[in-house]
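Please open the model in your viewer and keep the selection tool at hand, since this tour goes from one group of side chains to the next.

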Amino acid sequence: MGFVVEPYSVFLCYEIKDLEQAKALIPDNFSLIKTKIFTEDEPKYYMIFTCFNVHSSAFWGTRLEVNIIAENKETGLLSWLIIDYDTNTLSYDKKNGLMESNAEKALVTTDFEGNIIVDIKNSLKKRSLIFDCQMSNSKLEKLDQRLWLEGNLSVGYGKEISLNSSDVFSLKFDPKEVEKGFNIPLEQVNIVKNTWYEGLIDTEPTMAVYFPYAQHYLSDSPGHFSLPKNELEMVKQVKELDLDHLPLYSSASIRKMFVVGIAMNFFVFVTLIILLFLK
């Protein structure tokens, strides 16, 4: 499935304080690993809040993904593990299956003064992330490629929503998409509220990063896994893609799942009514 992450995606990088709690959130086949955000950083254990607008041939909307950075014990690949997420569009994971919006407020935007503004709230789970950051004086710096390139070749989910699965999927993209990013000075980051995993992470982020351009990805989908082990394998797979004959991911399958679900619910409802009258 091809998708586009719109300009001004922003990443808040928090150092993890409670390593034991963090370990309990990731599947057993992964281990916590220190990583750098930019090439010149000191490695740390990170939880990264990823906020972005996205669109594909099947959906569009806003997402907040909360990731722990870990290493796959089997492959040795650094991996982004999506521990949980809030969104105002369709999503899918092993625990919840196909899911509609779970956030009543999901905003990632910019203003004429050069601010990135994020306001994402999930009342059911009593969590929210609200912040803004000023893009002026940000510096374009080289990103750590093990995190930003290798990590996108091995994306998985947290222990709860993956049902402790070590399954991962890969993204295909031009490596230059993640070669550099803008390092936002922390004094220009204003955290209004962050009620995610209080006590697990520091109260303030260690790093903040944004991309001012759209990023284009091709994602593995259920039943179609590529799993390149390094940049060379990924680039080779990209060059071998026949985009003119590649079938597009369609929302038809999603609509079919909804129809089947409605039909099953109606059947169960009618059956219960009949049984009630037979008593």
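Begin by selecting F11, W80, W148, F211 and Y213, which together form one aromatic cluster. Bear in mind throughout that the model in front of you is a predicted one.

From this cluster, keep F211 and extend the selection to the strand β17, residues 207-211, where five of the five residues are buried, so that the strand is mostly covered. If you show its side chains, you will find M207, V209 and F211 pointing one way and A208 and Y210 pointing the other way, all of them buried. This can be read against a general pattern: in a regular strand the side chains alternate between the two faces of the sheet.

Which strand pairs with β17 over five bridges? Select β2, residues 9-15, and you will see that it runs antiparallel to β17, with S9 standing opposite F211. Now add β15, residues 180-183, which is also antiparallel to β17 and is joined to it by two bridges; here N183 has V209 of β17 as its bridge partner.

Stay with β15 and β17 and turn to their rings, remembering that a pair of aromatic rings is described by the distance of the centres and the angle of the planes. The structure holds 14 aromatic pairs, and one of them is formed by F182 and Y210, which are stacked with 5.1 Å from centre to centre and 15° between the planes. Because F182 belongs to β15 and Y210 to β17, this pair ties together parts that lie 28 residues apart in sequence. Y210 is buried, its relative accessible area being 6%.

For a contact between a charge and a ring, select R63 and Y85: R63 lies over the face of Y85, at 4.7 Å from the ring centre.

The next stops concern charged partners, and in general side chains of opposite charge can pair when their charged atoms come close. Of the 14 salt bridges that the structure holds, begin with the network that links D84, D86, K125 and R127. Within this group, D84 and K125 meet through their side chains in a salt bridge of 3.5 Å, N to O. As D84 lies in strand β6 (residues 78-87) and K125 in the loop between β10 (115-122) and β11 (127-134), the pair ties together parts that are 41 residues apart in sequence. Is D84 buried or exposed? With a relative accessibility of 10%, D84 counts as buried, whereas K125 is partly exposed at 45%.

D84 also meets the side chain of R127 in a salt bridge, where the N to O distance is 2.9 Å. Since R127 lies in strand β11 and D84 in strand β6, this second pair ties together parts that are 43 residues apart in sequence. Both R127 and D84 are buried.

For the last stop, select D167 and K94, which form a salt bridge whose closest N and O atoms are 3.3 Å apart. Here D167 is found in the loop between α3 (159-162) and β14 (171-172) and K94 in the loop between β7 (91-93) and β8 (97-99), so the pair ties together parts that are 73 residues apart in sequence. If you switch to a surface view, note that D167 is exposed, with a relative accessible area of 52%, while K94, at 45%, counts as partly exposed.

Note on methods: Residues are numbered from 1 along each chain as its sequence is written. This is a predicted model: local features need pLDDT of at least 70, side-chain atom pairs count only at pLDDT 80 or more; totals for chains, interfaces and linings use all residues. Side-chain values use heavy atoms; hydrogens and water are left out. A salt bridge is a side-chain nitrogen of Lys or Arg within 4 Å of a carboxyl oxygen of Asp or Glu. Helices (H or I, at least four residues) and strands (E, at least two) are DSSP runs, numbered from the N terminus. Buried means under 20% relative accessible area, exposed over 50%, partly exposed in between (1.4 Å probe, protein chains only). Rings of Phe, Tyr and Trp (its six-membered ring) pair if their centres lie within 6.5 Å; planes under 30 degrees apart count as stacked, over 60 as edge-to-face and the rest as tilted. A charge sits over a ring if NZ of Lys or CZ of Arg is within 6 Å of the ring centre and within 35 degrees of the ring normal. Two strands pair if DSSP finds at least two bridges between them.
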